[in-house]
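Biologist: I would like to learn how to read a model like this one, feature by feature. Could you take me through it?

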Amino acid sequence: MMTFEANIPNREECQTCPLTFAYKEINLLYEVAVMLTSTSDINENIEKAMRRLKQHSYLERCALFRKKDEANELELLASIDLEPYQKKMASYRFGEGATGLAAKSREPIVIENIHNNINYLNKMGNISTQMVSYVAVPLLQDEEVIGVISANLGKNSPLNFDEIVRMLTIVGSLFVGALKVQQKITKEKESLSELKTYYQEEMQKDYKFENIIGHSTKMQQVFGMINTVAPTDATILIRGETGTGKELIATAVHNLSRRQNGPFIKLNCAAISETLLESELFGHEKGAFTDAREMRKGRFELADGGTLFLDEIGDITPSLQVKLLRILQEQEFERVGGNKTIKTNVRLVAATNRNLEEMVRKGEFREDLFYRLNVIPINLPPLRERYEDVKLLIEHYLHRFMKEHRKNMHFTKGAMELLLDYPWPGNIRELQNTMERIVLICPDGEIQPEMLSHVLPFNYQKLYMQSSEAPAPMSAPATAYAAPSSQPPPAPGGPVTRKSLQELERESIIQALIDSHGIQTKAARTLGMSARQIGYKIKQYGIEL
């Protein structure tokens with residue numbers, strides 16, 4: 001213990017004092033501990049405990065300082081008998097005055113006479129004649145200074161300096177312990193509040209899935225993969241075209257994992273500007289940039305103990321790729337504008353519709369990050385390769401939007417065939433939006449094929465509507481591919497009927513087969529169809545190969 005102008009009596013000399021560190025002091029400490037267990041404001045309870053010490057003449061004025069985060073500076077946390085303006089001035093750098101010196105040296109500082117000692121800066125002012133001495137005791141945790149408790153002593157203090165130091169050390173430890181408990185509770189409440197807000201925002205989004213629909217062979221293979229890898233903590237990379245349901249698969253992975261009770265946080269990397277994406281991922285400290293008015297947690301911090309889904313991972317910049325690689329390897333990061341390392345326990349599920357291998361070859365995507373993400377790849381098939389699922393999805397979204405918009409309708413066989421024929425380049429998202437448009441625009445009752453011409457974005461709708469242009473006569477080899485048509489092609493300028501559209505489609509398929517020398521896959525590619533679809537059409541129209 002460092003002293004200034006003080007002759008500290010030893011413990012043997014204190015045995016003659018009328019009051020020693022015995023029953024009365026222990027009982028007082030017990031009262032202080034009980035005060036701190038109250039559920040009311042912790043700072044108010046600390047000040048009540050300080051006043052209790054003053055009532056017993058142990059001190060005249062008391063203050064509790066806390067070390068600022070990542071700065072060697074003390075800020076006032078609680079005190080008694082200080083005016084608001086005095087509280088604003090009561091801050092000390094390490095080594096500044098007796099209070100700052102106690103923090104720097106990590107030893108108690110005792111000033112016997114504050115009226116003639118330069119180390120007593122008196123930032124808090126209002127020194128009365130009753131205040132004679134000053135004691136500042138550092139509060140340590142794991143050998144690190146976390147704060148300082150100080151007290152002004154009067155002439156009639158019943159304890160000597162050693163006992164005062166002991167008393168303040170115990171009381172300060174009780175104060176700090178109570179503060180840490182309250183901070184932990186507050187932090188947990190803030191975390192729960194943030195997650196609640198996040199999930200409320202997610203629930204309000206228009207784009208969402210209610211369940212996974214898929215009976216096709218390829219989707220059954222995807223389901224089997226999910227059941228196998230979901231219980232692990234392995235990183236998963238979901239690959240597929242836009243609108244194939246990558247987010248839905250990520251949700252299924254989380255719900256089937258051991259982390260299902262933890263948070264499931266989502267972020268579309270392509271939907272946020274490059275300058276803000278780093279802050280969204282890792283969070284930022286107050287003042288890190290112009291609009292950073294307060295500290296904010298990033299998605300990695302919010303997802304601690306759960307799953308983080310990063311969609312469009314192929315759109316992140318090279319600098320962010322480096323930071324993402326580090327967090328995947330070390331499970332730690334720093335917020336933007338901060339230097340405190342934060343540990344996190346997150347399972348990452350990423351998704352992309354881009355060719356990452358080609359991006360690696362061109363130097364646009366880090367090879368080591370690609371291998372770190374591609375631990376478990378899940379490839380989602382486009383809807384044109386899930387022909388068996390198209391009708392199920394159409395019926396699902398039809399019933400969903402009929403219920404939502406309070407309508408009652410159904411497709412005729414012809415209308416359903418038109419929907420099944422369409423290749424759906426936008427996949428499930430396009431099908432969902434198209435079905436809602438059909439429900440909103442079409443009247444109740446039967447939905448006829450001609451009603452769909454105003455709502456279906458057919459890429460080959462132009463082919464159907466070119467009825468004014470009669471197809472060229474079939475060359476001789478055409479008979480090798482088709483039975484003679486019983487109906488002539490539609491006359492130029494004539495009405496467009498379902499039969500004429502079918503004839504035009506049939507003749508177009510025949511011509512494509514002739515041009516491709518009977519190779520169905522090549523003919524399908526020419527017409528913008530899948531191999532499965534052209535096979536269905538060949539059978540439907542009785543085209544002989």
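Modeller: Gladly. Let's start with an idea we need for helix pairs: an axis is a line fitted to C-alpha atoms, for helices over the stretch in contact, and the angle between two axes runs from 0 to 180 degrees between N-to-C directions. Keep in mind that this is a predicted model. Here, the axes of helix 14 and helix 19 (residues 531–540) come within 11 Å and cross at roughly 145 degrees.

Biologist: Which residues make the contact of helix 14 with helix 19?

Modeller: From helix 14 they are E417, L420 and D421, and from helix 19 they are Q533, Y536, K537 and Q540. By residue class, this contact holds 2 nonpolar, 2 polar and 3 charged residues.

Biologist: Before more pairs, what does the chain look like overall? How many helices and strands does the chain have?

Modeller: There are 19 helices and 18 strands. The chain has 545 residues, and 46% of them count as buried. Its exposed area is about 28,200 Å², with carbon and sulfur atoms supplying 51% of that.

Biologist: And how do I read the contacts along the sequence?

Modeller: Look at how far apart the partners are in sequence. Taking contacts between residues at least 6 apart, 70% join residues at least 24 apart.

Biologist: Back to the helix pairs. At what angle do helix 13 and helix 14 pack?

Modeller: Helix 13 (residues 387–405) and helix 14 (residues 413–421) pack at about 130 degrees, and their axes are 10 Å apart. Angles over 145 degrees count as roughly antiparallel and 65 to 115 as roughly perpendicular, so helix 13 is oblique to helix 14. The crossing of this pair is right-handed. On the helix 13 side, Y387, V390, K391 and I394 take part, meeting M416, L419 and L420 of helix 14. The residues of this contact divide into 6 nonpolar, no polar and 1 charged.

Biologist: How does helix 13 pack against helix 15?

Modeller: Helix 15 covers residues 427–441, and the angle between helix 13 and helix 15 is about 45 degrees, with axes 9 Å apart. Helix 13 and helix 15 are therefore oblique to each other, and their crossing is right-handed. Helix 13 contributes V390, L393, I394, Y397, L398, R400, F401, M402, E404 and H405, while helix 15 contributes I428, L431, Q432, M435, E436, V439 and L440. In this contact, 12 residues are nonpolar, 2 polar and 3 charged.

Biologist: Now burial. Is helix 14 mostly covered or mostly open?

Modeller: For burial, the cut-off is under 20% relative accessible area. Helix 14 is mostly covered, as 8 of its 9 residues are buried. These are G414, A415, M416, E417, L418, L419, L420 and D421, so the list includes charged residues, since Asp and Glu count as charged.

Biologist: How many residues of helix 4 are buried?

Modeller: In helix 4 (residues 97–105), 7 of the 9 residues are buried, so this helix is largely enclosed by the rest of the structure. The buried ones are G97, A98, T99, G100, L101, A102 and A103.

Biologist: Next, backbone angles. What should I look for in phi?

Modeller: Most residues other than glycine have a negative phi. That gives you a simple check: look for positive values outside glycine. E312 has a positive phi of about 55 degrees although it is not a glycine. E312 sits in the loop between strand 12 (307–311) and helix 10 (318–330). N427, also not a glycine, has a positive phi of about 60 degrees, and N427 lies in helix 15. R106, which follows helix 4, has a positive phi near 60 degrees.

Biologist: Are E312 and N427 buried or exposed?

Modeller: E312 counts as buried at 12% relative accessibility. N427 counts as buried too, at 0%.

Biologist: Could we finish with one residue and its surroundings? Where is E73?

Modeller: E73 is in strand 3 (residues 73–79). With a relative accessible area of 25%, E73 is partly exposed. Leaving out residues up to four places away in sequence, E73 touches R66, K67, K68, S91, Y92, R93 and F94. E73 and A103 are 30 residues apart along the chain, and their C-alpha atoms are separated by 9.0 Å.

Technical notes
Residues numbered from 1 in each chain as written. Predicted model: local features only at pLDDT ≥ 70, side-chain atom pairs only at ≥ 80, totals over all residues. Heavy atoms only, no water. Helix = DSSP H or I, 4+ residues; strand = E, 2+ residues; numbered from the N terminus. Buried < 20%, exposed > 50% of the residue type's maximum accessible area, 1.4 Å probe, protein only. Contact = heavy atoms within 4.5 Å. Areas by Shrake-Rupley, 256 points an atom, 1.4 Å probe, with all protein chains shown as cover. Parallel < 35°, antiparallel > 145°, perpendicular 65-115°, else oblique. Left-handed = near helix turned anticlockwise from the far one by under 90°.
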